[in-house]
Protein chains: 2
Amino acid sequence: MTFVPSESEPQADAQTALRTAFAPGSVAIAGVSPRTTGWGGGQMFLRGIRNLDRVPQVYCLNPRGGELPDGTPLYQSLADVPGTVESLISAVPASAILGLIDDAIAKGVKVVHLFTAGFGETGSTERADLETEVLRRLHEAGIRMIGPNCMGVHSTRGGVSWMEEGSTTPGRVGMLSQSGMNASEVVGEGVRRGINFSNVASFGNASDLNEADFLEFLAHDPDTDIVLAYLEGIRNGRDFLRVARDMATARKPLVVLKGGLTEAGSRAASSHTGSLAGSAQIWNAVQRQAGFIPANSVEELLDLAVTIERLPSVSGPRCAVLGGGGGVSVLAADICDRNDIPVPWFSEKTQNVLREFTPVAGTSIRNPLDAGFMFEGDKIETALTAVADDPNIDWLMVHTGADSGGPSSRRDNFAERMANDLANVAPKLSKPLAVVIRQPRTNVGFERGLDLQRRLNERGIACYHSIESCARAVRRYLDWKNR
Amino acid sequence: MTFVPSESEPQADAQTALRTAFAPGSVAIAGVSPRTTGWGGGQMFLRGIRNLDRVPQVYCLNPRGGELPDGTPLYQSLADVPGTVESLISAVPASAILGLIDDAIAKGVKVVHLFTAGFGETGSTERADLETEVLRRLHEAGIRMIGPNCMGVHSTRGGVSWMEEGSTTPGRVGMLSQSGMNASEVVGEGVRRGINFSNVASFGNASDLNEADFLEFLAHDPDTDIVLAYLEGIRNGRDFLRVARDMATARKPLVVLKGGLTEAGSRAASSHTGSLAGSAQIWNAVQRQAGFIPANSVEELLDLAVTIERLPSVSGPRCAVLGGGGGVSVLAADICDRNDIPVPWFSEKTQNVLREFTPVAGTSIRNPLDAGFMFEGDKIETALTAVADDPNIDWLMVHTGADSGGPSSRRDNFAERMANDLANVAPKLSKPLAVVIRQPRTNVGFERGLDLQRRLNERGIACYHSIESCARAVRRYLDWKNR
C-alpha cells in the first residue's frame, strides 16, 4: 500500500512539527512532581517514555527544583535545561501556561504538546481567550501545538508515550483520537487482540494541529498500513476529506468512529473537546464521499483492524458457521443474516461428507454446522476442509465458548489444543477462517479465552469476541473492498 | 402480580402432567451408564437432581444392570423398579425408544421427558414417523410428553434439573426455551447476575407439550413473577397468544427472544427443532397483539430480568449518565440517544452544586457527568443526590471500568469500596440507580468486575455489562410499562 498524494502538498511546517513530536531527539516535561505516582501529571509521560526501547533525551521541570527519587534532576525552568529541547510536554496548570510558553519560545522549542486542560472546552469565555493567546504567541514564534486537553503522542519506534501499560512492540496500525481514554483503550485492548501500533495521537481541542494534520501524517507514514480514528468535531473538513479520499484511492484503509452524532452526544462533545459535532446525515454524506470505513464503537475499530490485518483475502460474504449448540446456531444465523452475511445451505456434496462422521441426533450439518463433536480428534480438519471447498461458501466462522472448555476430555488444555487444531488446518483451507471466542461467564472461561486468543494471534488467525462483531466487521470490510 | 385467566380453562391434563414433571415424587432415568462422566446421558440428570435440596425418589435404568460406583442400583427395565414412577426421563438412543415407551405405559408413568434426539428434526421421514408413533402410543395411554430432543425441566423447589453447575437457590424468574443450551446459559449467567429461578423448561421439538402449555404453567405458577422465553417455532399460536395477552393484562412480565426470524435463522431452526419459524413481520404483529417484551439476544433476556426485578420504579426515560472519561461520555450519550434514552443537560441548580467540588479542567458537569474524581471520598453521595433531585432526570446510570480500578489509592479494594459507596447512597436517592460495569480487558479486571457485580447484586442494585444493554433494557421495559 503506497500512498501518493493527489492534489496539494501537505502543510510543510505542520508535518515537520509532527515528525519531531513523534520521534523527538529531546523532550522536556513541564510539571513533574517528585511525589506523584497516580494518573495525571508529568510523571505519567516520563514513565511512558522510559518504558520504550528508544528513549530520547528527557528533561523534567518543576518550579521548586530538586530531583526525583532516582536522582533525575528537576529543572526550575526551561532556561535552566543544559541541552536543546525539540519537543515540550506541558503538564502544568492552565494558570501557569503563559509563562511556560514564553520560556519555550525563548528556548527554541519546535513543537509543544499541552496535556494542560481548562481552556475553551469548559465553556468559559475567559478560558477560551487564554487558549487563543497561547496559540497567538506560539504561531508568532513559528511553533506548532498539539492539544490542549489531550494525551499527545505515542510512538513505539519514536520513543514517546503517555501509556505505562501500553504497547511496546512496533506495529503497522496508526491512530488519531480526540479522546485520550479511547486511544488508550484501543491500544491496550489492541495489544491483547494481537494488533500492534506505529504512531498514535490524542489531540483534544485541536486548536492548532488538527485531525487533518494527523491524518496527513499517518497517510504518508511508511510505518503505518492501517489508520484508525476517533473524532468528535472536524476543524478542517476540506483537508480531512482530501487526505481521506487520497487514502481511499491508494487503498490504504481508514476506519473512523465518530462521536457526537446524536443530539445528546453532540452536547457531550462540546463539553469534552469544545467540538461542534454536526449531524449524522451530514456525516454519512462525508463518509460516502471520503470512502473510509465507518465504525460505531471502540470495539468495532479493533474488529476492523483485526479483519484488515488478518482476513485480507476474504472475497465474498457467504459464511459457513461452525460450532456447538442448536440454539446458538439459530441465533448465529439470525445475527449473520441481519448483518448482510448470508449463511447458505451447504451443497449436497459437502453435506454428504459431513454426514459420514456426524451423529444424526442432536446436530445439524446444513449450515450452521451445529457440531461440538467436531472439536474432537481429526474431525475438525475433515469438516473445515469440506466446508471450505463448498462453492456456496466464501469464508468460515468457527465459534466457541471458553467457559465449559468443551468435552471433559479436552478441558485441561482446551486453549492449546484448540489453537493447535485451528492453526494447523487454517493454512490448508481454500477459504479464509475467522474464530469467535464467545463472551466468557466465569474467571476460568475468561482466562481460557484470553489464552486461546493469544495463541491464535501468534498464528495470525483473526479472532473476535462475538458472532455479531465478526459478521459486522467482515461486512464493512467487504463493502469497502468492493467500493 | 396475581394472574387471572380470562377465556378458557387450561388443558387439565397438560397442566397436571407439568405439575408432576416440575415436582415429581419419583423419577426414573433411563440410559444411565456406570462409566459416563461427560455431558450427555442419564448421569447428567442424576447429578443435576442430586445437586438440589429436595431430591425425589430416583431410579436409574441400564439394560445391562449392575450398579453405579456409589452403590446405586441400575435396573434393567422399568418393570424391575420396586416403587411407582411418576416421571420418566429418557436418555436412551432413538432406536430403543419404542420399547421404553411400552414399559412406561405398563408401569403407569404420568409424564415422559425425551432427552433422546434423532426424530423429526433430522429431516428424515422415517425418523419423523417414529416420533409420531411414540406420541400415538403415549396419548392412547393418557401420558403427556416433553420433547423429544431437549433438556427437560429444572426446578430448584421441585428437585429436578439437568444442570450440575446451575442455580440451586429458589428464585422468582421462570423460563421456557426451545434450546437447552440457551436455557442453561440464561440460568448459569443469571445466577452470576443475581437472578434466581423458579421453574425452567427446555422443550425441543415440542411434539406434544408445547410453548403454550409451558407458558400457561408459568403464567399460573405462584413461584414465578417474571417469565423469559426462547422460542424457535410456535406450535399452538392461538393458546400462546391467549396466555400472553392474559399475562399482559395481569401485568405479569413476559420477555420473548425469538430465534429464526431471518431466512438463514429460519433454516437453522428447522434443522435444530424442526420448527417452522415464520417471518419477522408476522412476529412483530404477534408481539404487538400479545403485549410481551421483545428481546434480541440471550444477554437481553437477562438485562430485562435484571431491570424488572431491580428497577421496577423507573418511571421515565431521561437519564443522568455518570462516570469517568470524556470520550466514553460522548459515546455513552450517543448510545443512549440511539436507544431513545434522552440525556438532557442538568438544570442550572444541579450544575451549580456539581461545580462547587468539580475541577473545571478535564471534566464536564452538564450530563454526562464526566467525573472519575466522583468516586473518591464522599463526593459520590453529593453528586448522586444533586443529580437525582434534578427535575430533568428520571433515573441514574453510573458506569465504571474495572481494569484500572480507578485512582491508585482505591485499586486494592476497588469492588468493596465502590459497592459500599453505591449501596449506601442508592436507598437515599429520589430516583432509581443502575450500574454499568464495562467490559473487562484483563484477568484482574474480570475478577474485580465479577466481585463488584456480586456485591451490588447482594444489595439489590441493578447491574449491566454495557451502557448499550442498560439503555436498551430500560427503554424496552418502559415501553411495556407505558403500554
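Trainee: Is Arg137(A) buried, partly exposed or exposed?
Mentor: Keep in mind that this is a predicted model. Arg137(A) has a relative accessible area of 22%, and buried would mean under 20%. So the class for Arg137(A) is partly exposed.

Trainee: Which residue forms a salt bridge with Arg137(A)?
Mentor: Look for an acidic partner whose closest O atom is 2.9 Å from an N atom of Arg137(A). Arg137(A) sits in helix α4 and the partner in helix α3 of chain A, so the pair ties together parts 35 residues apart in sequence. That partner is partly exposed, with a relative accessible area of 36%. The residue is Asp102(A).

Trainee: How many residues apart in sequence are the parts that Arg193(A) and Asp303(A) tie together?
Mentor: The two form a salt bridge, with closest N and O atoms 2.8 Å apart, and both are buried. Arg193(A) lies in the loop between α5 and β9 of chain A, and Asp303(A) in helix α10 of chain A, so the parts they tie together are separated in sequence by 110 residues.

Trainee: Which helix holds both Arg242(A) and Asp239(A)?
Mentor: This is another salt bridge, at 3.6 Å between the closest N and O atoms, and both residues are buried. They are 3 residues apart, about one turn of the helix. The helix is α7 of chain A.

Trainee: Which residue of chain B joins the salt-bridge network that includes Arg193(A) and Asp303(A)?
Mentor: Shared partners link those two with others of chain A, among them Glu185(A) and Glu189(A). Glu189(A) makes a salt bridge across to chain B, at 3.6 Å from N to O. The chain B member is Arg441(B).

Trainee: What is the count of salt bridges between chain A and chain B?
Mentor: For scale, 72 residues of chain A are in contact with 72 of chain B, and the buried area is about 5300 Å². The search over all chains finds 54 salt bridges. Between chain A and chain B, the count is 6.

Trainee: Which residues have the most contacts inside the largest nonpolar core?
Mentor: That core has 201 residues. One of the two we want is in contact with Val173(A), Phe197(A) and Leu301(A), among others. The residues are Leu228(A) and Leu228(B).

Trainee: Is Asp394(B) buried or exposed?
Mentor: Asp394(B) lies in the loop between α13 and β15 of chain B. Leaving out residues up to four places away, its contacts include Arg318(B) and Lys431(B). Its relative accessibility is 11%, and the cut-off is 20%, so Asp394(B) counts as buried.

Technical notes: Residues are numbered from 1 along each chain as its sequence is written. Chains are lettered from A and ligands numbered from 1 in the order in which they are written. This is a predicted model: local features need pLDDT of at least 70, side-chain atom pairs count only at pLDDT 80 or more; totals for chains, interfaces and linings use all residues. Side-chain values use heavy atoms; hydrogens and water are left out. A nonpolar core is a set of buried Ala, Val, Leu, Ile, Met, Phe, Trp, Tyr and Cys residues joined through side-chain atoms within 4.5 Å. Buried means under 20% relative accessible area, exposed over 50%, partly exposed in between (1.4 Å probe, protein chains only). Contact means heavy atoms within 4.5 Å. Buried area is the accessible area (1.4 Å probe) that two parts lose on being put together, summed over both. A salt bridge is a side-chain nitrogen of Lys or Arg within 4 Å of a carboxyl oxygen of Asp or Glu. Helices (H or I, at least four residues) and strands (E, at least two) are DSSP runs, numbered from the N terminus.
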